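Please walk through this structure with me, beginning with one of its helices and widening the view from there to the rest of the chain.

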Amino acid sequence: MDSLPKPTSWLQGGGACVVAARADAWFIVDSVARLSEALRDVDINADNNKQKVAEVCARFALAFLNADRLEEAWEWGREAQTFDNDNEIAQWCEAEANNKLDTRLGRAVELYRGLAFGSGNYANSARSQLNPGIIAVAQLPPGSIRRRYWEQRAELSKDKGNVVHRHSRAKDLKGFGPETLRKLDSQGNDSLDATLRQVQLWPKPGKKTCDGGKLI
């Protein structure tokens, strides 16, 4: 192959071992070869296999992250979470990729917070990224992710027009994707602050209530 695979194409291929032409990719191939074997005969669509598939995708993401292949790390981290949204390796890889790429910073902060309040392997590292003892934005260290996020948000908020439209960088700042934009009353053609107020009223994903013993 001329390049390393995209998540979907690799998974549809049954997780066969990858051979990459790029010299800097060889150690990535080596690090995931044994994991690719684990999926060779696995039905990736079966519910009882989803955590296993997520783990393989997350390990791919981590290998890419360690190689500073940030776009690929982001793609594989996101792919892993489609199978298991609680996979902490995938969450860490997505957050780190966004942080280093200086994009989707709102999403990165959200992921860091989730990891920081947990008890997993990434809790301390995530907490250190957030400077939790500092509340005032002006007191945050220059270049820290929370400070960069608020600086970008302030810059985007100066435009009182339609700053969350499909071609705006604001959607990257907050991690807005096409599905989110479709759900907005204005289809995304609204100010950043107005959009945030609407999104904050939405039910949190994964929250379910029971009525008579049935999930609703």
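In helix α6 of this predicted model, the buried residues are Leu-105, Gly-106, Arg-107, Ala-108, Val-109, Leu-111, Tyr-112, Leu-115 and Ala-116. These buried positions account for nine of the twelve residues of α6, so the helix is largely enclosed by the rest of the structure. From its first C-alpha to its last, α6 reaches 16 Å, which is close to the 16 Å expected at 1.5 Å a residue.

Two neighbouring positions in α6 show how burial varies along the helix. Gly-114, which has its place in α6, is partly exposed, with a relative accessible area of 48%, and its C-alpha atom is separated by 8.6 Å from that of Ala-126, twelve residues apart from Gly-114 along the chain. Leu-115, which also belongs to helix α6, has a relative accessibility of 1% and therefore counts as buried, given that the cut-off for burial is under 20%. If residues up to four places away in sequence are left out, Leu-115 touches Glu-88, Gln-91, Trp-92, Tyr-122, Ala-123 and Ala-126. The C-alpha atoms of Leu-115 and Ile-89 are separated by 9.8 Å, although these two residues stand 26 residues apart along the chain.

Several of these names lead to helix α5. Of the 14 residues of α5, eleven are buried, and the helix is accordingly described as mostly covered. The buried residues of α5 are Ile-89, Ala-90, Gln-91, Trp-92, Cys-93, Glu-94, Ala-95, Glu-96, Ala-97, Asn-98 and Asn-99, a list that includes the charged residues Glu-94 and Glu-96. The length of α5 can be checked in the manner used for α6: at 1.5 Å a residue its 14 residues should span 20 Å, and its end C-alpha atoms are 20 Å apart, which agrees.

Trp-92 of α5 also takes part in the aromatic contacts of the model, for which the count comes to five pairs. In one of these pairs Trp-92 and Tyr-122 are stacked, with 5.0 Å from centre to centre and 15 degrees between the planes. Because Trp-92 lies in helix α5 (residues 88-101) and Tyr-122 in the loop between α6 (105-116) and α7 (123-130), the pair ties together parts that are 30 residues apart in sequence. Both partners, Trp-92 and Tyr-122, are buried. Elsewhere, ring pairs link Phe-60, Phe-64 and Trp-76 into a cluster, and the charged end of Arg-104 sits over the ring of Trp-74, 4.0 Å from the centre of that ring.

The nonpolar interior brings many of these elements together. The largest nonpolar core has 36 residues, and those with the most contacts inside it are Val-53, Leu-65, Trp-92 and Tyr-112. At least two residues of this core are supplied by each of α3 (50-66), α4 (70-83), α5, α6, α7 and α8 (145-157), and among the contributors α3 gives the most, with ten residues.

The loops hold two backbone features that deserve a look. Asp-68, placed in the loop between α3 and α4, has a phi near 60 degrees, a positive value in a residue other than glycine. Asp-68 is also exposed, with a relative accessible area of 55%. Asn-131, placed in the loop between α7 and α8, likewise has a positive phi while not being glycine, here near 45 degrees.

Stepping back to the whole chain, the secondary structure comes to eleven helices and two strands, and from the N terminus on the elements run α-α-α-α-α-α-α-α-α-α-α-β-β. Buried residues make up 44% of the 216 residues in the protein chain. The accessible surface comes to about 12,500 Å², of which 49% belongs to carbon and sulfur atoms. Among contacts between residues at least 6 apart in sequence, 49% join residues at least 24 apart, and the stacked pair of Trp-92 and Tyr-122 described above likewise joins parts that are 30 residues apart in sequence.

Methods:
Residues are numbered from 1 along each chain as its sequence is written. This is a predicted model: local features need pLDDT of at least 70, side-chain atom pairs count only at pLDDT 80 or more; totals for chains, interfaces and linings use all residues. Side-chain values use heavy atoms; hydrogens and water are left out. Rings of Phe, Tyr and Trp (its six-membered ring) pair if their centres lie within 6.5 Å; planes under 30 degrees apart count as stacked, over 60 as edge-to-face and the rest as tilted. Helices (H or I, at least four residues) and strands (E, at least two) are DSSP runs, numbered from the N terminus. Buried means under 20% relative accessible area, exposed over 50%, partly exposed in between (1.4 Å probe, protein chains only). A charge sits over a ring if NZ of Lys or CZ of Arg is within 6 Å of the ring centre and within 35 degrees of the ring normal. Contact means heavy atoms within 4.5 Å. Accessible areas come from the Shrake-Rupley method with a 1.4 Å probe; for residues, only the protein chains shown count as cover. A nonpolar core is a set of buried Ala, Val, Leu, Ile, Met, Phe, Trp, Tyr and Cys residues joined through side-chain atoms within 4.5 Å. The expected span of a helix is 1.5 Å times one less than its number of residues.
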